[in-house]
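Open the model in a viewer and set it to cartoon. The stops below go from strand pairs to the whole sheet, then to the helices and a pocket.

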Amino acid sequence: MFARMKTQEDGIIMAPLVKTRQTQKTVDGISTQVVCTDFSNYIFIVLTQYGKIGTLVSVSPDSRSSEISTATLTTKVLLGKDEALTHVYAKNVASFVCQEAGNRPVLLGLALKECRAENLKTLKEMIKSCQVW
């Protein structure tokens, strides 16, 4: 899908409607992919070691929070396993994205073989390298 944009010379260029970036890295010996897509109302991030979207989690800043830097996040599993660790991992992975994107919600797909705290820093760096917001 492309949108038409006019240039100063009145020529027409085709520009993508959504921005998407992706990367791949080996984390603990496992090939891990990150795909980040910027939609008008949310940011969609997929973290996968299976090549699938996995558990789909909505991470939203609390609308009552007035300051971007202190927003509390609400998580809701939309599809997949609704476990406490999923909520904790989703908040940790998506919090900086919400903050940097001006309190926009994040839709996060998690398909990881193990959700280990030791891997959080690497996964956040991978997401940061795919920044579309």
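Start by selecting strand S3 (residues 19-27) and strand S4 (residues 30-38): the two run antiparallel and are joined by 9 bridges. Strands (E, at least two residues) and helices (H or I, at least four) are DSSP runs, numbered from the N terminus, and two strands pair if DSSP finds at least two bridges between them. This is a predicted model, in which local features need pLDDT of at least 70, side-chain atom pairs count only at pLDDT 80 or more, and totals for chains, interfaces and linings use all residues. Residues are numbered from 1 along each chain as its sequence is written, and side-chain values use heavy atoms, with hydrogens and water left out.

At the end of S3, pick Val27; its bridge partner in S4 is Ile30. The hairpin of S3 and S4 has 2 residues between the strands, and Asp28 in the turn shows a positive phi of about 55 degrees.

Next, add strand S5 (residues 43-48), which runs antiparallel to S4 and is joined to S4 by 6 bridges. This second hairpin, of S4 and S5, has 4 residues between its strands. Two pairs to label here: Cys36 stands opposite Ile45 in S5, and Val35 has Val46 as its bridge partner in S5.

Now show the whole sheet. It is open, with 6 strands in the order S3-S4-S5-S8-S6-S7 and mixed pairing. S3 and strand S7 (73-79) each have a single partner strand, so one side of each edge strand lacks a neighbour in the sheet. From one strand to the next the twist averages 20 degrees; angles run from 0 to 180 degrees between N-to-C directions, and axes are lines fitted to C-alpha atoms, for helices over the stretch in contact.

Turn to the helices. H1 packs on the sheet and touches S5, strand S6 (55-61), S7 and S8, its direction making about 120 degrees with that of S7. Contact means heavy atoms within 4.5 Å. H2 also packs on the sheet, touching S3, S4 and S5, at about 150 degrees to the direction of S3.

Select H1 (residues 84-100) and H2 (residues 120-129) together: their axes come within 10 Å and cross at roughly 35 degrees. Tyr89, Asn92, Val93, Phe96, Val97 and Glu100 in H1 meet Leu120, Leu123, Lys124, Ile127 and Lys128 in H2.

Which residues line the largest pocket? Select Gly54, Thr55, Lys81, Glu83, Leu85, Thr86, Leu110, Ala111, Leu112 and Cys115. A pocket is an open set of points on a 1 Å grid over the protein atoms alone where a 1.4 Å probe fits, with protein on both sides within 12 Å along at least five of seven lines; lining residues have an atom within 4 Å of a point. H1 and strand S8 (106-111) each supply at least two residues of this lining.
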